[in-house]
Amino acid sequence: MKINKKAAIVILLCSGMFVLQSFKQQQKKHDDDDKFTNLQVLPAATTGKEIHEIMKSFCISLGVHCNYCHVSHEVPGQDRPSMDWASDDKPEKKTAREMMKMTMAINTEHLAKIKAMGDPLEQIRCVTCHMGRTTPIISVDSLPRTPRAANDRH
Ligand code: HEC
Ligand code: HEC
């Protein structure tokens, strides 16, 4: 069950075009909750449950809360801020969209040439680079220089 969910999220992220087609064929019905107004990368028919799984995976992958990418307004007298999910005012959300397209492109245009994409768990995802941080380690200089065991010479 857990694996299936994970696989679904990866497929949504990595094979958007295929999912788009199968969603159209299924002609799913949605609640009002599932009507999103500003999906530019994910298929328009993505359900609320699916959005939530994907967004949760973004949060865990980058080590952030929803408001890292989404605009929030403090409401006097309310514990929770009010969220404007559809707004594109935060640059992080726009960057995340490019990242989604980049991740799909790496999987479908590049990795697909090296290996058949039979197992979605072998595709790259946000966490592959981000590993719980907003800024991935982009240089070997940032890695700790701990000696490796056994066949290391020094
Ligand atoms: C790393 C950035 C990032 C984080 C963190 C994030 N989101 Fe998103 N969210 C996006 C992007 C990008 C889109 C637009 C996707 C698209 O264009 O297809 C989006 C779209 C949405 C939408 C659809 C809005 C609409 O009407 O179009 C909802 C709802 C949403 N996110 C909820 C959440 C929730 C809940 C969380 C926290 C659990 C969260 N997001 C965390 C980047 C993020
Ligand atoms: C191939 C590696 C790679 C993958 C995969 C990847 N990212 Fe990134 N991401 C980067 C790099 C590199 C940066 C730039 C970091 C910097 O500014 O130094 C970045 C930056 C970002 C930023 C901006 C952070 C900031 O400090 O402003 C966001 C948001 C982000 N990525 C979200 C995502 C999301 C969401 C996914 C999955 C859909 C994703 N990334 C997948 C490499 C990756």
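In which strand does S72 lie? In this predicted model, S72 belongs to strand β1, which covers residues 71-73. The protein as a whole contains 5 helices and 2 strands, and these elements follow one another along the sequence in the pattern α-α-α-β-β-α-α. Two ligands, numbered 1 and 2, each have a shell of surrounding residues, with 24 residues around ligand 1 and 18 around ligand 2.

**Confidence**

- The mean pLDDT of the protein is 80, and 69% of the residues reach a score of at least 70.
- Helix α2, residues 16-26, has the lowest confidence with a mean of 41, whereas α3 has the highest with a mean of 97.
- Residues 1-8 have a pLDDT below 50, and this stretch makes 3 contacts in the model beyond near neighbours in sequence.
- Residues 14-32 likewise have a pLDDT below 50, although this stretch makes 21 contacts beyond near neighbours in sequence.
- Where pLDDT is low, the predicted coordinates should not be read in detail.

**Overall packing**

- Of the 154 residues in the protein, 10% are buried.
- Among contacts with a separation of 6 or more, 52% join residues that are 24 or more positions apart.

**Surroundings of S72**

- S72 has 16 C-beta neighbours inside 10 Å and therefore counts as partly exposed, since a residue would need 20 or more to be buried and 12 or fewer to be exposed.
- Once neighbours within four places in sequence are left aside, the contacts of S72 are N67, P81, S82 and M83.
- S87 stands 15 residues away from S72 in sequence, and the C-alpha atoms of the two are 9.7 Å apart in space.

**Helices α3 and α4**

- Helix α3 has 15 residues and reaches 21 Å between its first and last C-alpha atoms, close to the 21 Å expected at 1.5 Å a residue.
- Just after α3, the residue G63 adopts a positive phi of about 70°.
- Helix α4 has 24 residues and should therefore span 34 Å at 1.5 Å a residue, which agrees with the 33 Å between its end C-alpha atoms.
- At I106, α4 bends by about 30°.
- M100, T103 and N107 are buried in α4.
- An α-helix has 3.6 residues a turn, so residues three or four places apart point the same way.

**Shell around ligand 1**

- The closest of the 24 residues that surround ligand 1 are F36, N38, M55, C66 and C69.
- The elements that give two or more residues to this shell are α3 and α4, and the most come from α3, with 6 residues.
- By residue class, the shell around ligand 1 divides into 16 nonpolar, 4 polar and 4 charged residues.

**Shell around ligand 2**

- T95, A96, M99, C126 and C129 come nearest to ligand 2 among the 18 residues around this ligand.
- Two or more residues are given to this shell by each of α3 (48-62), α4 (91-114) and α5 (126-130).
- Helix α4 gives the most to the shell around ligand 2, with 6 residues.
- The shell around ligand 2 is made up of 11 nonpolar, 6 polar and 1 charged residues.

Key
Residues are numbered from 1 along each chain as its sequence is written. Chains are lettered from A and ligands numbered from 1 in the order in which they are written. This is a predicted model: local features need pLDDT of at least 70, side-chain atom pairs count only at pLDDT 80 or more; totals for chains, interfaces and linings use all residues. A residue is near a molecule or strand if its C-beta atom, placed from the backbone, lies within 6 Å of it. Helices (H or I, at least four residues) and strands (E, at least two) are DSSP runs, numbered from the N terminus. Ala, Val, Leu, Ile, Met, Phe, Trp, Tyr, Cys and Pro count as nonpolar, Asp, Glu, Lys and Arg as charged, and the others, Gly among them, as polar. Two residues are in contact if their C-beta atoms, placed from the backbone, lie within 7 Å. The expected span of a helix is 1.5 Å times one less than its number of residues. The bend at a residue is the angle between axes fitted to the seven residues ending there and the seven starting there. pLDDT is the predictor's confidence in each residue, from 0 to 100.
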